[in-house]
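Work through the exercises below with the sequence and the model at hand. Each task is followed by a worked solution.

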Amino acid sequence: MSTNSYEHLLPPSWKAQVTGWFAEDTPSFDYGGYVVGEVHREAFLFGKGKQTAVLAGRPFFTEVFAQLGCEVEWHLQEGELFEPIKHVATVRGKARHLLLGERIALNMLARCSGIATKSKRIKDLAVGYGYKGIIAGTRKTTPGFRLVEKYGMIVGGVDPHRHDLSSMIMLKDNHIWSSGSIAAAIQQARAVGGFSLLLDVEVGSEAEADEAIEAGADIIMLDNMEGEHLVSVARKLKEKWAGKRKFLFETSGNITETNLQEHAVNDIDILSTSVVHQSVQHIDFSLKIQIPN
């Protein structure tokens, strides 16, 4: 029986990103590496901080050191919860290589694990409130680091949402204003997107939502609607179009841990929020070279 691994999600090109991190961090001479030389050492990776955390980013961390000829032995599984201070992994290799990869690997792991930890927390809260829909991230990711951030969302248990402009058609206010109407924008998008791409349309009122449903949108993002108004619009339109159209309602924006409960209503199918990946608290890790006996 095959064993699923999050690493198997990654595209063939992902290791080149790690190579790019080295090009950024060491563009010329490695003066510190000159000082420590090539004596073989063992380093312990510790998960620190003050909170229970989710480990995420193992493949990227391992690849950083693999490109330097080092070996990583993991003591926790990807997605596993841990309490600080925890010995998470052991890295073995030449001292200068351990230090060459240290900061790149720790920065990545801190952010990826922070996103996974926050994602799990938001998902668990929503489920605790009785929400049965989808908790999703957004495309508001860090340029050049999207793969790691989307990966962290998946490990944390939330939907990563569309990965890029090519993976789903999303029509927002600027698209609609430029096209002249919601119906016109949807028609033009369908003409080139074909049957295989979902079409998500942002609307600002019940009338616009109704127009988007009639025009064949798959997902209706109810923008600038909150509380009872949001629920009322969703219920009314689901009743109106029952048996005639298939679609999902999405709400996004200004969703936090504090107000999550008022958004987590089952009349809304998707809650998309950047709170799971923007401005998240990073998880503190350190890599300490051990003094030989």
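**Exercise 1.** Which side chain meets Lys-15 in a salt bridge?

Solution. The model is predicted, so local features need pLDDT of at least 70 and side-chain atom pairs count only at pLDDT 80 or more, while totals for chains, interfaces and linings use all residues. Residues are numbered from 1 along each chain as its sequence is written, and side-chain values use heavy atoms, with hydrogens and water left out.

Step 1: apply the rule, a side-chain nitrogen of Lys or Arg within 4 Å of a carboxyl oxygen of Asp or Glu. Step 2: the partner of Lys-15 is Glu-63, at 4.0 Å from N to O. Step 3: locate the two residues; Lys-15 is in helix α1 (residues 14–25) and Glu-63 in helix α3 (residues 58–66), so named because helices are DSSP runs (H or I, at least four residues) and strands likewise (E, at least two), numbered from the N terminus. The pair links distant parts of the chain, 48 residues apart. By this rule the count comes to 16 salt bridges.

**Exercise 2.** Describe how α8 and α9 cross.

Solution. Step 1: the axes, lines fitted to C-alpha atoms over the stretch in contact, with angles from 0 to 180 degrees between N-to-C directions, come within 11 Å for α8 (residues 206–215) and α9 (residues 227–241). Step 2: the axes cross at roughly 35 degrees. Step 3: list the contacts (heavy atoms within 4.5 Å). Glu-206, Ala-209, Asp-210, Ile-213 and Glu-214 in α8 meet Val-233, Lys-236, Leu-237, Lys-240 and Trp-241 in α9.

**Exercise 3.** Find where the backbone has a cis peptide bond and a positive phi outside glycine.

Solution. Step 1: most residues other than glycine have a negative phi, and most peptide bonds are trans. Step 2: the bond from Pro-84 to Ile-85 is cis, with omega near -5 degrees. Ile-85 lies in the loop between β4 (81–82) and β5 (86–94). Step 3: His-161 has a positive phi of about 65 degrees, and lies in the loop between α5 (146–156) and β7 (169–171).
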